[in-house]
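Opening the notebook on a new chain today. I want the overall fold down before I poke at any details.

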Amino acid sequence: MDTITLSDFFGIEDATALLDPSSFVFLALSILILWIGKMVNDFCTPYSLGEELTSKDNKAIAVSFSGYMLAISIILWGVLRQDIPVEDLPNVNPGKRLFLRDIGATLLWSLFGIALLQVARIINDKVLLRRFSNVKELVEDQNIGTGTVQAGAYIGSAFMIQAATYGETSGSLVRDILVTLAYFVVSQLAFVLFAMVYQKLSAYDLHDEIERDNAAAGLGFGITLSAVGIILSSYIVSSSSILGLALWFVICVFLLSVCRFAIDRFILPGSPLDDEISKDRNWGAALIEGAAAIGLALILSTLFHS
C-alpha cells in the first residue's frame, strides 16, 4: 500500500470527485438500461412478468428474472469501467464529443449484451435443458430448479460478455462486435459441453431431477454454470487465443470436478452428494457445491490470470 500523508488523509479532491455530474448521468443511464432490459424480457417471453411475480407469487420466475437482471448489471459493470470507443461524432466540440461517445458506447454495448442474454435464454431452453419446455416448467410448474439453471446461464454468459469488452479495442466497432459475438458462442458451447460432463459425473439424471421439481439439482448445476463463466472470462480478459481458451476450459472442467469430489468426500462425508441432491432434495448441499465452485473460480481467476 502506498504511504498515506496527512494531505492525502484530509484532501477534498477525492471527496469532490464523488459529486462528478457525469457519474449521475451514467447512473441514470444504467437505470434506464435495466428498465429496457426488463421491457425486452417482457417482449421476448410469452408470460406476464408482473402477473407471475405478484398475482401468482411465482418463485421460479423470480429466480430466473433475478439472474437476468444481475447479468445485465454485470455487463453494465464491465462496460462502465471501460473506455470503449465508437465512431467520433462530427461537428461536436471535443469535450462533448467524448461525453456523448461514452454514453453512446454504454448504451450500444449494454443493449447488445441484453440481446445476447435473450439468445442465451433460447439456447438454455432448446439445448441445455432440451428435454422439456422451460416456459412450461417456469410458469405451470413454478419449477425453481429450472429457474436456477436459467439464472446461472444468464450470469455465466454475462461474465463472458463483459470480459470480451474488456481492455483495448481493435479500433473497429464492427470487429469488436464480432469478437464479442465469437466469445459468446464459445461460452454457450462451453456450457453445453460442461453440462454433458456434469451429467457423466452425477449419479442421477440431471434433466429428470429438474423436471421433477428438484430445486437442489437445478441449484447446484446453475451456480456451477456461473462459475464456469467466471473462470473462462478470466482467461479472455488476459488472453485472446481460442486454443488457449479451449485448454483453459479443459483445466477448468477438471478442477471443478475435483472440487465436487472433494466436497463429496471431505465436507459431506456422511452421505454422497448425489444422494443428498437426488434423494433428499437437499438444497443446502447443492448450495455448498455451488459456493465451492464460485470460490474456486475466483481463486483460479486470480492465480492464473492476475
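Counted the secondary structure: I get 14 helices and 0 strands in the protein chain. Read along the sequence, the pattern is simply α-α-α-α-α-α-α-α-α-α-α-α-α-α. Note to self: this is a predicted model.

Next, overall dimensions. The C-alpha trace spans about 65 × 50 × 40 Å along its principal axes. I checked the radius of gyration too: a compact globule with 306 residues would have one near 19 Å, and the protein chain has 21 Å, which agrees. As for burial, 45% of the 306 residues count as buried.

Then I picked out helix α12, residues 242-267. Does its length fit, or not fit, the 1.5 Å a residue rule? Its 26 residues should span 38 Å, and I find the end C-alpha atoms 36 Å apart, so the two agree. At the N-terminal end, serine 241 acts as the cap of α12, with a side-chain oxygen 3.3 Å from the backbone nitrogen of leucine 243. Which residues of α12 are buried? I listed Gly244, Leu245, Trp248, Phe249, Cys252, Val253, Leu256, Cys259, Arg260, Ile263 and Asp264. Arg260 and Asp264 caught my eye among the buried ones.

Last stop, the surface. I found a nonpolar patch made of Leu18, Leu19, Phe24, Leu27 and Ile31, together about 570 Å² of accessible area. Phenylalanine 24 from that patch sits in helix α3, residues 21-44. Why do I call phenylalanine 24 partly exposed? Because its relative accessible area is 49%, and exposed would need over 50%.

Conventions
Residues numbered from 1 in each chain as written. Predicted model: local features only at pLDDT ≥ 70, side-chain atom pairs only at ≥ 80, totals over all residues. Heavy atoms only, no water. Helix = DSSP H or I, 4+ residues; strand = E, 2+ residues; numbered from the N terminus. Expected span 1.5 Å × (residues − 1). Buried < 20%, exposed > 50% of the residue type's maximum accessible area, 1.4 Å probe, protein only. Polar contact = N/O pair within 3.5 Å; in protein donor to acceptor, adjacent residues only side chain to side chain. Patch = residues over 30% accessible without salt bridge, like charges linked within 9 Å, V, L, I, M, F, W, Y side chains within 5 Å. Areas by Shrake-Rupley, 256 points an atom, 1.4 Å probe, with all protein chains shown as cover. Salt bridge = Lys/Arg side-chain N within 4 Å of Asp/Glu carboxyl O. Rg over C-alpha atoms; globule rule 2.2 N^0.38 Å.
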